[in-house]
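Open the model in your viewer and keep the selection tool handy. We will go from a whole chain to a single helix, and then to a sheet.

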2 protein chains.
Amino acid sequence: MTYAILAVLAQRPASGYEIFKRFEGAGAYLWQATHQQIYRELNGMEALGYVTATAGATCGQRPARRVHRITEQGLQQLADWIAEPCDLAPTREPLAVKLLAGHLASPQTISRELERHRLAHRRKLLALQKQADDHFADPMALSTQQQLQYLALRRAIGEETAWLAWFEESAKLLGIRFGTPERAPIHG
Amino acid sequence: MTYAILAVLAQRPASGYEIFKRFEGAGAYLWQATHQQIYRELNGMEALGYVTATAGATCGQRPARRVHRITEQGLQQLADWIAEPCDLAPTREPLAVKLLAGHLASPQTISRELERHRLAHRRKLLALQKQADDHFADPMALSTQQQLQYLALRRAIGEETAWLAWFEESAKLLGIRFGTPERAPIHG
DNA sequence: TCTGCCATGTAAATAGTTACATGATTAG
DNA sequence: CTAATCATGTAACTATTTACATGGCAGA
């Protein structure tokens, strides 16, 4: 978590709220987190000297937007973490758990839940593709830094595409017909 | 977590250790967890009446294998959870975070880490495919219950396949060559 | 003999969620 | 005038990891 925030701040300074927006909703593809956690983490990192906070002068009299900036120490910390090998993200698939014991529920219950998740994943894929279109229109003309960021996004797009393909497969095997009969968006 | 354990116990009674084995290592595709967490969770569920524990008579004098069995109440609890809509699993991608700030490290550092993860995902895919071969050799001849369990596994296989495709894409874009091990493991 | 697996746990620390709280601004 | 969004936080709770602890049994 710490490092996800530092990585965002390494791109540009941001307020807690901006980081939260990036970590939440359909477009999030790095690290989902609640605003409470982000604010707490930011304050902790400020105490450790990884970031500095400047009271950003805003228009009205809102709760004083605090813009956070990564320090040399924070950059160093982040670089160290990147260099040190990390584990794969632990697997946690509530939907797969539901399927494993799916015989305890009615087929309608299962297919309704599959449909809900399918729509959520489709929504997410569309949001991600929009980000790709907006920020990485021409993938062959990117700087090395942009290539890496593009690949991070491509990874999430690949993930969501795999989900949609799996929903198709599931529907076929279970003999379900999902609501909207459109094909899954093409990936690649 | 609770429900992942209950779902496994709904298939057949098991000891904490057996559940742990299922939730750990390359073949895990439901819910990764440490043994500490599983034992604690099992004891908690025993207190709540969702499972019963019987001291399984084992061969030697080992710490007395405790076999857990799901109760009617536990089944009801699990069925209720399956029926109630759940959120998508929150996104947490350390590798994507590393790429986002990848310019802070050397290209070799990045490509080494990509290669490590690629190998781990390949290992995982192989373990999953072995499970599919072992338990679901003929997907067209499965009971409804088995179909659902097969799909849970297929989901994980789809995930790992997407990872490997993404590593290919990354290698191409970054001009990295993977799969050239120093000591060629190509043999029978 | 040594390593690794079987088999269970306690205790402490860190990570993450949920509930509660406040108040300004903007768009319909 | 109402709802959503901007913007920040505290407190309590739940989930998860890490470190410590024990001891038998099997195979090289």
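## Chain A from end to end

Start by colouring chain A by secondary structure: along the sequence its elements follow the pattern α-β-α-α-β-β-α-α-α-α. That gives 7 helices and 3 strands for chain A. Bear in mind that this is a predicted model.

Now zoom out to the C-alpha trace of chain A, which spans about 55 × 40 × 40 Å along its principal axes. Its radius of gyration is 20 Å, whereas a compact globule of 188 residues would have one near 16 Å. Of the 188 residues in chain A, 35% are buried. Among contacts in chain A with a separation of 6 or more, 58% join residues 24 or more positions apart.

## Helix α4 of chain A

Next, select residues 72–83 of chain A. This is helix α4, with 12 residues, reaching 17 Å from its first C-alpha to its last, close to the 16 Å expected at 1.5 Å a residue. Which residues of α4(A) are buried? Show G74(A), L78(A) and I82(A) as sticks: these are the ones. Look down the axis of α4(A) and you will find that its buried residues fall within an arc of 75°, so they line one face of the helix.

Turn to the face of α4(A) directed away from its buried side, and pick out the exposed residues E72(A), Q76(A) and D80(A).

What covers the buried residues of α4(A)? From chain A, the cover includes α1 (2–11), α3 (35–48), β2 (51–55) and β3 (66–70). Display chain B as well, since α5 (94–100) and α6 (107–135) of chain B also belong to that cover.

## Strand pairs in chain A

Stay with chain A and select β3(A). Strand β1 (residues 14–15) of chain A pairs with β3(A) in the antiparallel sense over 2 bridges, and here A14(A) stands opposite H68(A). β2(A) also pairs with β3(A) in the antiparallel sense, over 5 bridges; within β3(A), V67(A) is the bridge partner of T54(A).

## The sheet of chain B

Finally, move to chain B, where 3 strands form an open antiparallel sheet in the order β1-β3-β2. The edge strands, β1 (14–15) and β2 (51–55) of chain B, each pair on one side only. Between β1(B) and β3 (residues 66–70) of chain B there are 2 bridges, and S15(B) has V67(B) as its bridge partner in β3(B).

Add helix α1 (residues 2–11) of chain B: this helix packs on the sheet, touching β1, β2 and β3 of chain B, and its direction makes about 90° with that of β3(B). Helix α3 (residues 35–48) of chain B packs on the sheet too, touching β2 and β3 of chain B, with its direction at about 110° to that of β2(B).

Definitions and conventions:
Residues are numbered from 1 along each chain as its sequence is written. Chains are lettered from A and ligands numbered from 1 in the order in which they are written. This is a predicted model: local features need pLDDT of at least 70, side-chain atom pairs count only at pLDDT 80 or more; totals for chains, interfaces and linings use all residues. Helices (H or I, at least four residues) and strands (E, at least two) are DSSP runs, numbered from the N terminus. The expected span of a helix is 1.5 Å times one less than its number of residues. A residue is buried if 20 or more other C-beta atoms lie within 10 Å of its own, exposed if 12 or fewer, and partly exposed in between; C-beta atoms are placed from the backbone. The arc is that of the directions from the helix axis to the C-beta atoms. Two residues are in contact if their C-beta atoms, placed from the backbone, lie within 7 Å. The radius of gyration is taken over C-alpha atoms; the globule rule is 2.2 Å times the number of residues to the power 0.38. Two strands pair if DSSP finds at least two bridges between them. Axes are lines fitted to C-alpha atoms, for helices over the stretch in contact, and angles run from 0 to 180 degrees between N-to-C directions.
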